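Visitor: I'd love a close look at one part of this protein, with enough of the surroundings to see how that part fits in. Could you walk me through it?

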Amino acid sequence: MGLTVRDALVYALENLEKMGFKKFQKQLHEIEVKENYRRIPRGKLEDKDWGDVADLIREYYKDVYGVEVTLQVLDKINERQVAEELQEDLQKGNRTPKTFT
């Protein structure tokens, strides 16, 4: 069985350096999101680990849009290598949304 979307998100977040993860959390709160979605409140992101943040992404944005938001944030903080690895992990797990293949 391949990776779940949650697993792939956690692995991607684990690959960020400590300051990179902090930047990711800050940008995740600030990023513009599609209509019918709302940003994750800053207070919910404080003092959270990789798994907690992955769970919040999936809770607020579900799997497909959650991956899209994660990739946008990684791009904004110049973590393109981590973004590429996330996409590769999702493709290997056959869980990649069609918009990312």
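**A close look at leucine 74**

Guide: Happy to. Beyond its neighbours within four places in sequence, leucine 74 is in contact with Leu16, Phe24, Glu79, Arg80, Val82, Ala83 and Leu86. Please keep in mind that this is a predicted model. Leucine 74 sits in helix H4, and H4 spans residues 50-76. Is leucine 74 buried or exposed? Its relative accessible area is 0%, and since buried means under 20%, leucine 74 counts as buried. For a sense of distance along the chain, take glutamate 59: 15 residues separate it from leucine 74 in sequence, and their C-alpha atoms are 19 Å apart in space.

Now look at threonine 70, which is also placed in helix H4. Threonine 70 has a relative accessible area of 1%, so it too is buried. What does threonine 70 touch, not counting residues up to four places away in sequence? The answer is Leu9, Phe24, Ile57 and Leu86. Two of these names will be familiar, as Phe24 and Leu86 are also among the contacts of leucine 74. Threonine 70 has a polar side chain to place as well, and that side chain reaches the backbone oxygen of glycine 66 at 2.8 Å.

One of the residues touched by threonine 70 is Leu9, and this takes us to helix H1. H1 covers residues 5-14, and its buried residues are Val5, Ala8, Leu9, Val10, Ala12 and Leu13. The cover over them includes helix H2 (18-30), H4 and H5. H5, for its part, runs over 80-92.

Helix H4 has an exposed residue to show you, too. Lysine 62 lies in H4, and it counts as exposed because its relative accessibility is 54%, where exposed means over 50%. The backbone deserves a glance here: lysine 62 has a positive phi of about 65°, although it is not a glycine. You can find another positive phi at asparagine 78, again not a glycine, with a value of about 60°. Asparagine 78 belongs to the loop between H4 and H5. With a relative accessible area of 54%, asparagine 78 is exposed.

Let's step back to the whole chain. It has 5 helices and 0 strands, and reading along the sequence gives the pattern α-α-α-α-α. The radius of gyration is 12 Å, close to the 13 Å that the globule rule gives for 101 residues, so the chain is as compact as a globular protein of that length. Along the principal axes, the C-alpha atoms fill a box of roughly 35 × 30 × 20 Å. Leucine 74 and threonine 70 have plenty of company, as 42% of the 101 residues count as buried. Contacts across the sequence are part of the picture: of those between residues at least 6 apart, 60% join residues at least 24 apart.

Finally, the outside. The accessible surface of the chain comes to about 6200 Å², and carbon and sulfur atoms account for 44% of it. The chain carries 18 positive and 20 negative charges, and the mean positions of the two sets are 4 Å apart.

Key. Residues numbered from 1 in each chain as written. Predicted model: local features only at pLDDT ≥ 70, side-chain atom pairs only at ≥ 80, totals over all residues. Heavy atoms only, no water. Helix = DSSP H or I, 4+ residues; strand = E, 2+ residues; numbered from the N terminus. Buried < 20%, exposed > 50% of the residue type's maximum accessible area, 1.4 Å probe, protein only. Polar contact = N/O pair within 3.5 Å; in protein donor to acceptor, adjacent residues only side chain to side chain. Contact = heavy atoms within 4.5 Å. Rg over C-alpha atoms; globule rule 2.2 N^0.38 Å. Areas by Shrake-Rupley, 256 points an atom, 1.4 Å probe, with all protein chains shown as cover. Lys, Arg positive; Asp, Glu negative; His and termini not counted. Charge placed at Lys NZ, Arg CZ, Asp CG, Glu CD.
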